[in-house]
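Biologist: I've got this model open and I'd like a close look at one single part of it. Could you pick a strand and walk me through where it sits and what it pairs with?

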Amino acid sequence: MNKVCIFGAGAVGGYMAAHLARAGVDVSVVARGEHLAAIRRDGLRLIGHDGEFTVRVAASDRPADLGPQDLVISTLKAHGLPPAASSMRALLGPDTPVVFAVNGIPWWYLANLRGGAPSASRLDPDGTLARELGLARTLGCVIRSPNEVVAPGVVRNNSRASSFVVGEPGGALSPRLEQVVALMRRGLPGAAATGDIGREIWGKLLLNVPSSLLSSLTHSPSSALFADPATRELYARLAREACAVAARHGVAMAFDLEGQVAATGSNPHPPSMLQDLLAGRPLELDAQLFAVQDLARSAGVDTPMLDVMLALLAHRAHARSPAAHG
Ligand SMILES: NC(=O)C1=CN([C@@H]2O[C@H](COP(=O)(O)OP(=O)(O)OC[C@H]3O[C@@H](n4cnc5c(N)ncnc54)[C@H](OP(=O)(O)O)[C@@H]3O)[C@@H](O)[C@H]2O)C=CC1
Ligand SMILES: CC(C)(CO)C(=O)C(=O)O
């Protein structure tokens, strides 16, 4: 396994592609617009805490140009997946796994829930992803790697450590999972396999629910939210609501506010949802927030803070861009 395509190589995918390419992996990227033009012209540039480097990678906005791969890693936003699904098929051989590296409740998590789920149609309208790509080739991936596209073709990583935890939807530590993680680890030492991807997803939601809501509403990064006792308390209350929803869906976990404050430090990283808001792009409201609210409601869990803040943020997103937010 050596030929890998990163589909949607923006902030996170650009970081992954640059590190894999530097390690000698045969990487190509699917990107578009000015970002694609700059990658083709000048290469993909990665700025990190320990310096910067540029790699040359094959790049196209037409997956068919790149052909079948040993591995596809999707780093599209959740709402970018259904429109891209049919073109992604050109990258697939009969057994090519697809790693869905994405925040929030992933489409396959709901499709995999016994008895169906309340909001599967939010994340995979019309079953496009299940039909075009399918659960059989799906691997989940939880990203902890703060990145921004700071100029076309240029990605900045905003932390010292990145991790990419990959798992089979059903929890098996399968040979293909081991192969995928071994390939990723060649350039991304923070890649790891898990036998419980659901726990990882909820663990990340404990950060995304409060940080996406509060940062987007206030335009402040988490470090600034933690510095203010009032917003720090709101952050903790939102995280505890997410904990209560996780618990009712079989994942018991506690939120460690002090640990999170210490881990965030003074990092000024703007969460990806705030980046999208400021750039006028659609927000990942369904996967990161509405799906959690749906799961809370279906399990009878009260989430008053989430409900108020999500209504405000959804109003703002809709007022700014009605077509993108229904
Ligand atoms: N950025 C971060 O720090 C973190 C992000 N995440 C999560 O990672 C996932 C990816 O986020 P992020 O990297 O920020 O997203 P980006 O928007 O930076 O990257 C996605 C890229 O895919 C491109 N794209 C979308 N559709 C297509 C298509 N059909 N063909 C070609 N290119 C396409 C987008 O182009 P265009 O801009 O033109 O739409 C964009 O460049 C999200 O789920 C996010 O929540 C998780 C942890 C940290
Ligand atoms: C890094 C982090 C946790 C910031 O909230 C994130 O997931 C994002 O930017 O989307």
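**A strand and its surroundings**

Modeller: Let's start with the whole chain and then zoom in. Of its 326 residues, 47% count as buried. Keep in mind that this is a predicted model. The chain has 14 helices and 12 strands. Its radius of gyration is 19 Å, close to the 20 Å that the globule rule gives for 326 residues, so the chain is as compact as a globular protein of that length. If you draw a box along the principal axes, the C-alpha atoms fill roughly 50 × 45 × 40 Å. There's also plenty of linking between distant stretches of sequence: take the contacts between residues at least 6 apart, and 71% of them join residues at least 24 apart.

Now for the strand I'd pick, β8, which covers residues 138-144. Of its 7 residues, 6 are buried, so β8 is largely enclosed by the rest of the structure. Here "buried" means that 20 or more other C-beta atoms lie within 10 Å of the residue's own.

What does β8 pair with? One partner is strand β7, residues 98-101, which runs parallel to β8 and is joined to it by 4 bridges. To find that pairing on screen, look for Val 99, which stands opposite Leu 139 in β8. Another partner is strand β11, residues 163-167, and this pairing is antiparallel, with 5 bridges. Your landmark there is Cys 141, standing opposite Val 166 in β11. So when you trace β8, you'll meet a parallel pairing with β7 and an antiparallel one with β11, in a strand that is largely enclosed because 6 of its 7 residues are buried.

Key: Residues are numbered from 1 along each chain as its sequence is written. Chains are lettered from A and ligands numbered from 1 in the order in which they are written. This is a predicted model: local features need pLDDT of at least 70, side-chain atom pairs count only at pLDDT 80 or more; totals for chains, interfaces and linings use all residues. A residue is buried if 20 or more other C-beta atoms lie within 10 Å of its own, exposed if 12 or fewer, and partly exposed in between; C-beta atoms are placed from the backbone. Helices (H or I, at least four residues) and strands (E, at least two) are DSSP runs, numbered from the N terminus. Two strands pair if DSSP finds at least two bridges between them. The radius of gyration is taken over C-alpha atoms; the globule rule is 2.2 Å times the number of residues to the power 0.38. Two residues are in contact if their C-beta atoms, placed from the backbone, lie within 7 Å.
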